[in-house]
Amino acid sequence: MSYDLVVIGTGPGGYVCAIRAAQLGMKVAVVEKRSTHGGTCLNVGCIPSKALLHASELFEEAGHDFANMGIKVGKPTLDLKAMMAHKDEVIDGNVKGIDFLFKKNKIDTFHGVGKILSAGKVEVTPDKGDVQIVETKNIVIATGSDVATLPGIDIDESHVVSSTGALALDKVPGKLVVVGAGVIGLELGSVWRRLGSEVTVVEFLDHILPGMDGEIVKNAERMFKKQGFDFKLGAKVTGVEKHKKGLKVTIEPSKGGDASELDADIVLVAIGRRPFTEGLGLEAAGVALDERGRVATDGHFKTNVDGIYAIGDVIEGPMLAHKAEDDGVALAEILAGQAGHVDYNLVPGVVYTMPEIAVLGKSEEKLKEEGIAYNVGKFPFSANGRAKAQRHTDGFVKILADKVTDKVLGVHMIGAGVGELIHETSVLMAFSGSAEDLARTIHAHPTLSEAVKEAALAVDKRPIHM
């Protein structure tokens with residue numbers, strides 16, 4: 001059977017690309033090596049981590065803050081097995097949803113490892129059964145990313161774990177050492193800290209959350225320390241040894257110096273992710289990679305081989321599920337003769353800790369580097385009525401606008417629920433809106449979103465409630 005499009009990988013980028021292409025009238029098939037669709041995100045990443053983040057957040061709030069609001073429940077007791085069952089139920093519901101969408105859109109599924117033999121031909125090797133050759137007009141590589149590893153440190157998903165293993169621990173570790181103070185490390189560190197772990201985070205750089213706005217980073221670090229995180233910044237892990245009573249983690253200063261040791265029950269390696277392209281047959285098919293091991297494309301998802309395209313984590317741009325989804329939609333529309341496009345400058349980034357962190361556009365550091373004059377408007381949640389009512393007053397909203405045109409160039413938030421608040425500024429920036437536009441838009445009272453309006457007012461030094 002021949003198809004218009006075969007998508008290899010059914011993570012957020014792949015399954016969305018397949019669905020959009022089917023909506024546009026193409027005959028579509030997908031190839032997936034897992035027994036379930038959804039890729040890392042739905043199976044062992046974004047979705048299960050948010051299930052545990054939410055559950056652990058409620059557990060901590062019940063134990064520490066309910067009484068302050070007149071709710072007496074006593075000390076909560078953790079049932080980790082039930083919490084993990086909740087996580088698994090969430091995963092199951094989401095992956096079954098993709099099955100339904102594929103059937104609804106008449107998309108054929110081939111379960112097995114996909115390999116590109118040449119333009120127009122994909123070999124599928126299932127766990128059981130015969131190898132199949134699928135013919136198609138176009139191929140999309142949507143195989144996502146894999147965990148980045150540390151030289152000399154073996155991840156066994158038992159004692160030394162990746163994010164996958166950290167989402168499936170059968171007991172709360174007494175001492176958890178997290179290697180990497182990026183998004184994944186802080187989120188999963190937050191889960192286990194709330195449930196009772198002593199969490200130490202080792203970061204090679206001298207600050208957490210590499211690449212984010214400096215003021216946000218400074219405040220986030222202070223808040224996380226207050227929660228109980230112990231940070232070893234400007235340090236690197238050089239070894240992990242197993243002993244009868246646990247693990248010994250050797251760390252050294254990043255710039256050189258004497259080594260020291262940390263005790264741990266579990267070590268989580270969370271230093272980032274890398275494009276997953278192994279076993280795809282790219283070299284034999286003539287598909288070029290860039291200097292960072294990503295599939296090289298022309299800016300419109302096309303590789304150097306006609307009929308072969310790539311999207312999501314395997315190409316340039318932020319390794320985020322929502323970026324991959326938009327890549328998939330844009331490519332499907334391009335293949336249908338439409339004008340698909342993704343603006344990588346407008347991809348929101350969210351850290352789902354408590355407080356959450358949400359960013360969009362340029363940071364102050366980037367604007368200074370580019371020599372762009374700008375105005376800053378900030379508003380703290382401590383001055384927001386809804387935040388006070390909810391007892392979540394940590395954090396602020398910061399808006400950066402062009403000094404001459406008032407066009408919003410960047411938005412940076414830290415506070416409860418800011419992962420939702422960021423999107424009104426996404427719409428604003430997509431239409432090249434100004435801080436004045438946002439400041440003159442009516443926001444319901446009392447809401448957390450009023451802090452966004454007040455920050456926009458503050459760009460012109462006229463906030464009402466500060």
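This is a guided tour of helix α1, two helices that pack against it, and two buried residues elsewhere in the chain. The structure is a predicted model, and the stops below are best taken in order.

**First stop: helix α1**

Begin by selecting residues 12-23, which form helix α1. If you place a distance between the C-alpha atoms at the two ends, you should find 16 Å, in agreement with the 16 Å that 12 residues should span at 1.5 Å a residue. With a surface switched on, the helix is largely enclosed by the rest of the structure, because 10 of its 12 residues are buried. Among these buried residues are Pro 12, Gly 13, Gly 14, Tyr 15 and Val 16, and further along the helix Cys 17, Ala 18 and Ile 19. To see what surrounds them, add the strands β1 (2-8), β2 (28-32) and β6 (132-141) together with the helices α2 (39-44), α4 (80-104) and α9 (321-335), against which the buried residues of α1 pack. Before moving on, look just after α1, where Gly 25 takes a positive phi of about 100°.

**Second stop: α1 against α9**

Keep α1 in view and add α9, residues 321-335. The two helices pack with their axes 7 Å apart and at an angle of about 30°, which makes α1 roughly parallel to α9. The crossing of α1 with α9 is right-handed. On the α1 side, show the side chains of Pro 12, Gly 13, Tyr 15, Val 16, Cys 17, Arg 20 and Ala 21; these meet a set of α9 residues that includes Ala 321, Ala 324, Glu 325, Gly 328 and Val 329. Coloured by residue class, the contact of α1 with α9 divides into 10 nonpolar, two polar and three charged residues.

**Third stop: α1 against α4**

Now hide α9 and bring in α4. The axes of α1 and α4 come within 10 Å and cross at roughly 25°, and these two helices are therefore also described as roughly parallel to each other. Here α1 passes α4 in a left-handed crossing. Which residues make the contact between α1 and α4? From α1 they are Tyr 15, Ala 18 and Ile 19, and from α4 they are Ile 98, Leu 101 and Phe 102. The residues of this contact divide into six nonpolar, no polar and no charged.

**Fourth stop: along α4**

Widen the selection to the whole of α4, whose 25 residues should span 36 Å at 1.5 Å a residue, and whose end C-alpha atoms are indeed 36 Å apart. Its buried residues are Leu 80, Met 83, Met 84, Lys 87, Ile 91, Val 95, Ile 98 and Phe 102. Besides α1, these pack against β2, α2, α3 (46-64), β3 (108-111) and α6 (183-194). Following α4, Lys 106 has a positive phi, near 55°.

**Fifth stop: Leu 42**

Select Leu 42, which lies in helix α2 and counts as buried at 6% relative accessibility. Setting aside residues up to four places away in sequence, Leu 42 touches Ile 47, Pro 48, Ile 91, Asn 94, Val 95 and Ile 98.

**Last stop: Thr 353**

Finally, go to Thr 353, in the loop between β18 (349-351) and β19 (356-361). Is this residue buried or exposed? At 1% relative accessibility, Thr 353 counts as buried. Leaving aside neighbours within four places in sequence, Thr 353 is in contact with Leu 186, Glu 187, Ser 190, Arg 194 and Phe 224.

How values were computed:
Residues numbered from 1 in each chain as written. Predicted model: local features only at pLDDT ≥ 70, side-chain atom pairs only at ≥ 80, totals over all residues. Heavy atoms only, no water. Helix = DSSP H or I, 4+ residues; strand = E, 2+ residues; numbered from the N terminus. Expected span 1.5 Å × (residues − 1). Buried < 20%, exposed > 50% of the residue type's maximum accessible area, 1.4 Å probe, protein only. Contact = heavy atoms within 4.5 Å. Axes fitted to C-alpha atoms, helices over the stretch in contact; angles between N-to-C directions. Parallel < 35°, antiparallel > 145°, perpendicular 65-115°, else oblique. Left-handed = near helix turned anticlockwise from the far one by under 90°. Nonpolar A, V, L, I, M, F, W, Y, C, P; charged D, E, K, R; others polar.
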